[in-house]
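Got your viewer ready? Here is a short tour of how two parts of one chain meet.

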Amino acid sequence: MNNKYFSEVRAAIPFEGKDSKNPLAFKYYNKDQKVGGKAMAEHLRFSVAYWHTMMGKGADIFGGPGFERDWHKASDPIQRAKDTMDAAFEFFQKLGVEYYCFHDRDIAPEGDTFSKSCKNLEVLVEYAKKWQKETGIKLLWGTANLFGSAIYAQGAGTNPNAHVMATAAAQIKNAIDATYELGGENYVFWGGREGYETLINTDMKKEQEQMARFLKMAVDYKKKIGFKGQFLIEPKPAEPMKHQYDSDAATTLNFLRAYDLINDFKLNIEANHATLAGNTFEHELAVASIAGKLGSVDANRGDLLLGWDTDQFPNSIYEITLAMMVILNQNGLGSGGLNFDAKVRRSSSDPVDLFYAHIGGMDTFARGLMIAHKMIKDKALSSFIEERYSSFKSGIGADIMSGKVGLEEVEKWVLKAGNPVLKSGRQEMLENIINSYLY
Ligand code: XUL
Ligand code: CO
């Protein structure tokens with residue numbers, strides 16, 4: 001293992017248990033420890049987001065870079081990209097994660113022309129391949145950055161200019177190739193610029209049709225080359241666009257159904273995107289899961305007092321326990337994982353802060369996993385929920401649901417049965433039960 005860029009951490013982060021006071025140790029994440037017969041690492045499938053952790057410079061809209069990383073110092077762009085990848089694999093190994101995720105433009109610099117950008121990507125894919133082979137670290141998903149370049153200001157797949165749309169399509173072809181080449185287990189579409197600023201210049205129906213065609217071309221290409229990874233769409237309501245078409249899980253599912261794409265996609269749910277859409281994280285997970293479409297998770301958190309995507313590391317055991325209940329109840333994420341789409345604050349300027357951030361997120365999920373597993377095993381909430389709907393198991397409830405009765409028969413039944421007896425939903429009692437598991 002290299003010791004070049006993260007000299008404060010000279011070996012893999014150890015698991016020391018909950019009483020440890022060592023800030024560079026895990027208190028709960030013990031990768032081989034079994035929870036319900038399955039190792040924590042297999043449940044959680046943690047991934048590091050290349051864009052924030054390796055490329056992030058602490059910039060915000062009021063200021064440029066807040067810190068300079070040693071791996072960004074080389075003047076030659078290809079050398080800089082290789083140094084960044086060396087640092088990335090040093091970090092992944094020391095942190096003890098098995099996966100990473102990238103955008104094409106994170107791992108390889110954009111060239112002056114489309115063809116130069118493609119060549120740069122090929123060079124870095126070869127370089128990544130060597131690192132993956134040497135370390136056993138795998139690609140959870142790849143994606144294309146279709147939002148950073150000025151040409152995408154008015155959309156990528158939904159751009160009103162066919163030449164720009166074609167360029168975006170050519171770019172995703174190359175990003176899918178890169179992901180396939182590196183054995184990526186999924187491929188993500190996040191439509192940062194797929195939306196609109198104002199309807200006074202926008203044909204929304206036309207743009208949605210374009211988006212559907214864009215995705216269909218990707219599906220056809222995937223099948224043609226034999227890429228078996230799962231395609232995922234990541235909903236977000238706004239930012240950078242005022243309205244993004246994939247605004248939340250329900251809207252995205254509706255779009256996929258309307259354009260006959262539903263069988264080829266699942267969703268990648270991000271906590272901060274959920275709250276920006278006015279939903280809780282567990283709501284979005286549950287909407288995706290009940291449709292059989294929860295494929296992967298971008299693990300982070302927002303700040304409820306700030307109206308933008310702060311992409312902080314998750315640290316609420318309460319929220320993560322509820323999230324893990326949804327994930328466990330659908331038997332895990334399959335080929336998906338928990339990708340820390342999260343960044344350290346501008347003021348957290350040292351490379352070692354990247355370790356503190358990820359350790360905190362991993363411990364939060366490990367603890368949430370253990371609590372959720374116990375709550376499910378004990379039927380802490382589910383026995384109440386089952387009982388709450390039990391009147392549909394027999395009698396008039398069963399007759400309604402099976403289609404045996406219609407409005408007239410139901411009316412007759414109600415006239416005979418009289419007024420219903422109210423039954424409490426017991427919210428506060430259940431909240432106390434959840435807390436009793438967290439204490
Ligand atoms: C942006 C976001 C992206 C996607 C990948 O809010 O979440 O980083 O995860 O393009
Ligand atoms: Co994301």
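Domain bounds here come from an automatic or database domain assignment. With that in mind, select 34-378 and colour it as domain 1, then give 395-438 another colour as domain 2. A word on the ground rules: this is a predicted model, where local features need pLDDT of at least 70, side-chain atom pairs count only at pLDDT 80 or more, and totals for chains, interfaces and linings use all residues. Residues are numbered from 1 along each chain as its sequence is written, chains are lettered from A and ligands numbered from 1 in the order in which they are written, and side-chain values use heavy atoms, with hydrogens and water left out.

Next, drop a centroid on the C-alpha atoms of each domain: the two centres sit 41 Å apart. Now go to where they touch. Eight residues of domain 1 contact five of domain 2 (contact means heavy atoms within 4.5 Å). About 610 Å² is buried between the domains, 76% of it from carbon and sulfur atoms; buried area is the accessible area (1.4 Å probe) that two parts lose on being put together, summed over both.

Show Tyr-318, Ile-371 and Met-375 as sticks: this trio supplies 68% of what domain 1 buries against domain 2, more than any other three residues.

Then pick out the helices α11 (317-329) and α12 (351-377), each giving at least two residues to domain 1's touching side. Helices are DSSP runs (H or I, at least four residues), numbered from the N terminus. The largest share, four residues, comes from α11.
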